[in-house]
Amino acid sequence: GIQSTEDDLIVINLFEGVEKPEGATGAVDQAMSGAIRELIADGDFQGKREQIAVLYPRGAIPATRVVIVGLGPQDEFTLESVRHAAAAAARKARDLGTKSFSSIVHGSGAGSFAPEEAAQAVAEGTILGLYRYQELKNKPPDRTDPERFTLVQFDESKVSAVEKGAELGQIVAEAACLARDLINRPANYATPSDLAELALEIAGEFDTMRCQVLNEEDANELGMGSFLGVAQGSEEPAAFIVMEHNPGREDLDTVVCVGKGITFDSGGISLKPSEKMDRMRGDMGGAAAVMGTMLAVGQLDIPLHVVGLMPATENLPSGHAYKPGDVITAMNGKTIEVINTDAEGRLILADALAYAARFEPKAVIDLATLTGACVVALGRGMAAGAFCTDEDLLGRLQAASQTSGERIWHMPLYDEYLASLQSLTADLANTGGR
């Protein structure tokens, strides 16, 4: 078992309330003459969620350190618990200056998850837990990331499932890290042109993918007055990015992912307060998520026709900027009265959704940092609001939300909401109040 693994550090686990460890943890305990049982008996380790203890075997086993991570109560154990445990252990390994470390597959034994899904969750937790944004710092961090991580599975019948799960977890987590990098990257390093360049680069990695970048002239020819209305205040050229996986494959169902790409949002003429305005570099979180998704879709070669649409622009006040009271015309011909220039995300998405129709998709999933009001409704860092017109799609998204630990909460779409968007001068107003 893992007790015979030669590595700088090995990771084992314990559920809350367990007095006599079994399985891999039991084997390590035995090899170390009951050191773990002693730790439990003394009350120094209770197995609480993400609790960490470090033991030094002093030659009792080949590893120089043993990290025990708490899994919390067994009846509350989920795949998200696996991710959190793996993340906590990985961060501890880094804090200890470890170059390489090994871990058992949390959740595949007593946790009763299939080896593949448990291994995927461990890989995701490890990579996401070690994430830091360091791109623009000259001074390297005090502790560098471990160079190698190994999942240990001694039951031969489970090895190929663990390998498959770990590979999937790595792809998914690295795609999420790409999205995190894009969101953290300052707006002068992540302009619409920079996003377009990255999209072309990613598409170039796969034979199954193509990317087309529409400039402002192209958008004008298509009648994207809503997107261009927002873009006109900035000197930075806007880009409407279209990525396609399996283009032209009529035998496959089409799914379109649309991501809001406001690379910096000042609010425009309806200027935001200056406090925390620097955070508005992250208003392209939807586009970042779509970019990460397309990278993962390409690597996993998903058997669908997947389209990623990313309307990208800054929203700035200037002599060219659109103004409250202006009326703009979207690609589908609808006229929109601009009540507030800081309600710009829906304006660029309106044209992206109109453009999505040309693909005749089975489903459209639209991702956006659309309004702080959602955070007021659901709480900071709690869940994303999901507005959905199709019960079947909503069910599938909710299932994916549960599996991934990325929480969504179903919000209503009552017809009566439309009444508040009436305008005196246009078909619709761009906001109806909070």
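Ala287 sits in helix α9. This is a predicted model, and Ala287 is a handy place to enter it. With a relative accessibility of 1%, Ala287 counts as buried. Its C-alpha lies 5.2 Å from that of Lys260, although 27 residues separate Ala287 and Lys260 in sequence. Lys260 is also one of the residues in contact with Ala287. Gly259, Gly261 and Met310 are the others, once neighbours within four places in sequence are set aside.

**The chain as a whole**

The protein chain holds twelve helices and 16 strands. It has 434 residues, and 46% of them count as buried. The C-alpha trace spans about 80 × 50 × 45 Å along its principal axes. Consider the contacts with a sequence separation of 6 or more: 74% of them join residues 24 or more positions apart. The accessible surface of the chain is about 21,900 Å². Carbon and sulfur atoms account for 49% of that surface. The chain carries 36 positive and 63 negative charges. The mean positions of these two sets are 7 Å apart.

**A buried asparagine in a strand**

Asn315 belongs to strand β10, which covers residues 305-315. Its relative accessible area is 0%, so Asn315 is buried. What does the side chain of Asn315 reach at 3.2 Å? The partner is the backbone oxygen of Thr341. Thr341 also appears in the list of residues that Asn315 touches, which leaves out residues up to four places away in sequence. That list includes Val230, Ile262, Phe264 and Tyr322. Asp265, Ser266, Gly267 and Gly268 are among them too. Asp342 and Glu344 are further entries.

**Two loop residues with positive phi**

Asn246 and Asp301 each have a positive phi without being glycine. The table sets out their values.

| Residue | Phi | Loop | Relative accessibility |
|---|---|---|---|
| Asn246 | near 60 degrees | between β7 (239-245) and β8 (254-259) | 7%, buried |
| Asp301 | about 50 degrees | between α9 (285-300) and β10 | 44%, partly exposed |

Which residues does Asn246 touch, not counting residues up to four places away in sequence? They are Thr208, Leu252, Ile302, Pro303, Leu304 and His305. Asp301 lies in the loop that runs between α9 and β10. Helix α9 is also the place of Ala287, and strand β10 is where Asn315 lies.

**Cysteines**

A disulfide is a covalent bond between the sulfur atoms of two cysteines. How many disulfides does the count give? The count comes to zero. Cys211 is in no disulfide, and the nearest cysteine sulfur, that of Cys257, is 15 Å away. Why does Cys374 have no bond to Cys388? The closest cysteine sulfur to that of Cys374 is in Cys388, 14 Å away, and this is too far for a bond. For comparison, the cut-off for a disulfide is 2.5 Å between the sulfur atoms. Cys374 has a relative accessible area of 21%, so it counts as partly exposed.

Methods:
Residues numbered from 1 in each chain as written. Predicted model: local features only at pLDDT ≥ 70, side-chain atom pairs only at ≥ 80, totals over all residues. Heavy atoms only, no water. Helix = DSSP H or I, 4+ residues; strand = E, 2+ residues; numbered from the N terminus. Buried < 20%, exposed > 50% of the residue type's maximum accessible area, 1.4 Å probe, protein only. Contact = heavy atoms within 4.5 Å. Areas by Shrake-Rupley, 256 points an atom, 1.4 Å probe, with all protein chains shown as cover. Lys, Arg positive; Asp, Glu negative; His and termini not counted. Charge placed at Lys NZ, Arg CZ, Asp CG, Glu CD. Polar contact = N/O pair within 3.5 Å; in protein donor to acceptor, adjacent residues only side chain to side chain.
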